[in-house]
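Hi,

Here is the structure I said I'd pass on. Have a look at it first, then read my notes underneath.

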Amino acid sequence: MFLRYIVWAFFVLFSSHTCFAQCPPRQNIQEFLNSAEITQLENLASQLANCSDYQDTLGLVYHKIGIKKYYSDILNSIIAFQKAADLRNTPGDAHSITNLGKLYSRLGHYKIAINHFRKAIQVLQKEAKNETDSIKLVDNYIDAGIALGSIGDYELFSDYANYAIQLAQKIDVPHRKVLALTTSCNANRSRKAYEKSIEDGSKAIALIEQLPPNTFSNGNNAISYRTLGNVYYTTGEYEQALFYLKKSAKYAHDIPYILCETLNNIGLTHHRMNKEKQAIQVFQQILQKNLPCKDHAYNNLGDIYKAQKQYAKANEMYEKALLEFPEIQTINTSSIRDSIANISDKEGFIIYARSLAQGYIDICKNTGDTNFCEKAIELYSLLDYTIDFMRQQHYNLASKLFWRKEVHPIYEEAIAVCSYLNKTKKAFYFSEKTKGILLFDRVSENLMQNNLADSLSQQLNVLNRKIDYLQGKTSSNAETEASRTTLIEQKKALMQNIQSLYPEYFTLKYESLNVSLEDAQNILTDENTLMLEYFYGKDSIYTFYIDMEGVQSKTIALDTLLQRNLQQFVNYFTTIKGHNLLNKRAAYQILAHNLFHQLFDSEIVAKYSNIILIPDGYLSNIPFDALLTEAGNDQSYADIAYLGSSHNLSYGYSVPILSLQKSLKNRPKYKKVLAFFPEFPNEKRYLKYSKEEAQYIQDQAATKLFETKGASISNFMQHTPHYQIIHVGTHASAGDGKAILPSIEFYDKTLELSNFYDLKLYSDLLVLSACESGIGQYVAGEGVMSLARGFTHSGSNSLVSSLWQVNDRSTSLLMKNFYRHLANGMPKAQALHQAKKDYLADEDIASMHKTPFYWAGFVYVGNDTVVELAGRGGWWWRIFAGGVLIFGLGAWSYFRRGGRERS
């Protein structure tokens, strides 16, 4: 027993001595860290690993190791900083996380870097204790913004730069003010807000020049001058650009990566000023000095040689530019495709690959060697694949729309070269990749959420709603922008969780969207149906005629005359309430007939009775129903040969969206019509014939009706998910394409486009019996931002919408016949088509009110099927019908004085 105590005491003494040796006083550690080398730091880390009370100190040691290896050993530096971040207490861990973000940015892993910068920001926002922490917070805003800019998310890039400016001004640190302003200058240039860009860049330069020399490093000075010079270059003010760029070069003379970009931009400026000799000398200087931006120099030399028509030499330079990417070993599209995911600078890749494709086309057309055109098409397919990757990286709607516009010319070039080689199927594919891609993403996301756990689906819905609401606000401030950014961060985290739990959902949502001719043909209902898709380009309109046999393409020259004719045609309906249709009847009929032959191949169209139209660009405003298939001779509007009289027209946003709509099942069980008629009694906006329209609907189908005060937002939100058919008869507006968003009015509130992203609709048919519900701002590469689009986004399978400020009375009559034909089992698009023919044939309607202004404004969008209507209401509606007939006797007097527009 005594021996046991001796052993135990010896163990205690030995353990105490060992612990003391391994866990030295913290004060000694702090002093040691200031001078220790990597090996000493690593030994210290091994000692402290067994000291449970020293975890924060151990984290600091790993942080120091990460700093020591920051430039020489990136991967092990990352490992060290990650260990430090896991061990350190706030805000120390934020400093380690910040360095992780910087290292991942250096490696080109921008999405990972962004996540680290955002995590550091969240910690520092809560835990910042001194000026050093606040400076770190500014740096994280700047670094996060730059990383976002590197993946093309320019809106968030600008947001983060603004946060940095606000905080830098608050803490009043000149160096950070300059950095923040320069970053904002660059961000606003990227998103083409040039006035704001010049303002911020000038403020940065003013600060540099106000403070004593050497206040800022040569590198920071060079970047600030270069950034402002870049803006002036972009706006075409080349002398100003050269002034600032040459100043930048003086500061950057011994900093290769900054000097390279500055020299490159000086060369570009000379090129734009037609000083080719000076430009070539500058670019060759970059190559001779082996500076880091050789890819830029090669590409720019290619542009110069191309302008000189030295096409082979130009292509040689473009290929060398692509080969500067470390991921690209050979100019082989299959090989490059496998590397796309790993290319960090996808924007740069797109620029160089597009240049090379254009170079191939030049050789093809100048030599007649079509192999080069084939190679160009392969490159455009590769660019399309890359653009899909970029779309997946962006969570911000404004950034997504920005890039849809940016890449639109690339698809136009692809369609043009495919048309040149008569590769119609491939041209059609590229055309489809400019049609409602983002709309398809959201519609398919809504559908696939049915497979997610309710909690995840609900979280995603709430975040989407909040993000889209803030995105749609016409004015914003720092608080609004901060809220939006936080929500986007939350959505990114949620999507990562969904990806790990539901990989099949993520694959379906983000797989590259490939559209084939067979997809389009599967939408066609029979051999009497033709699909006609338009691509509205810069110089040409490309048309694709698709039937059960295949696809044909025609190219229409988009000259000044055609543009003027299209605008004049639309003006007939949108100005002076259509009165010019009466005053200039003969001129209208000539124009409508000429436009038909310009926009349609009459021989092809004559073979079909049903046409599915997928318009594009300005054609989205055209009432195709009102075109004339035969020349009019100043005839009565009831008697001329409208395209809409001989053909049943329907519309679609794209083939994938039409395919989705065709496949939708499990529509709501309530087959009643859910109708909303605010009417607005005793107001200037009173819709006199709303009640009559409601009665027409009730007469044809079982209807749950909300009128006046009952036609409220709350009732709309509560009931719409449960009904197969929804009808809204009210005022609406397309907005102004800028500050005022498309909106629709309920009795108690106006609903803007951004609010529709909150809706969950399962309706088979939505009727917007209101003004301008089918038009809005056109975004190249995506489509029209209209109310109809918003409701489609929310899940409606098909809808009826309007192209202008429709007339209240004529709308009521159209809807009466439309629902009558639906009740008799007629397909939806055909029912609207027949209702328009009924209107023209109605002898009780005065001839002056049969102009297309009164009946051609409504269009059917979506998959054309029969909709099942529940039985009509009780017989008491029949009794009331007598009153309706008496009420109808006032129609003649009404048409003598016109009616109120649903505007």
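Strands E1 and E2 make a hairpin, with three residues sitting between them. Keep in mind as you look that this is a predicted model. E1 covers residues 529–536, and its pairing with E2 is antiparallel, with six bridges. If you want a spot to zoom in on, try tyrosine 534, which stands opposite threonine 543 in E2.

Now go to the other neighbour of this strand. E2 also forms a hairpin with E3, this one with four residues in between. E3 is made of residues 551–557, and seven bridges join it to E2, again with the strands running antiparallel. Here you can look for serine 540, which has alanine 557 of E3 opposite it.

So what about E2 itself, buried or exposed? The strand spans residues 540–546, and seven of its seven residues are buried. That goes for both faces: Ser540, Tyr542, Phe544 and Ile546 are buried on one side, and Ile541, Thr543 and Tyr545 are buried on the other.

Zooming out, the chain has 903 residues, and 57% of them count as buried. You'll find 41 helices and 16 strands in it. Among contacts with a separation of 6 or more, 70% are between residues 24 or more positions apart. Finally, the accessible surface of the chain is about 38,700 Å², and carbon and sulfur atoms account for 50% of that.

Have fun with it!

Terms used:
Residues numbered from 1 in each chain as written. Predicted model: local features only at pLDDT ≥ 70, side-chain atom pairs only at ≥ 80, totals over all residues. Heavy atoms only, no water. Buried < 20%, exposed > 50% of the residue type's maximum accessible area, 1.4 Å probe, protein only. Helix = DSSP H or I, 4+ residues; strand = E, 2+ residues; numbered from the N terminus. Pairing = 2+ DSSP bridges. Contact = heavy atoms within 4.5 Å. Areas by Shrake-Rupley, 256 points an atom, 1.4 Å probe, with all protein chains shown as cover.
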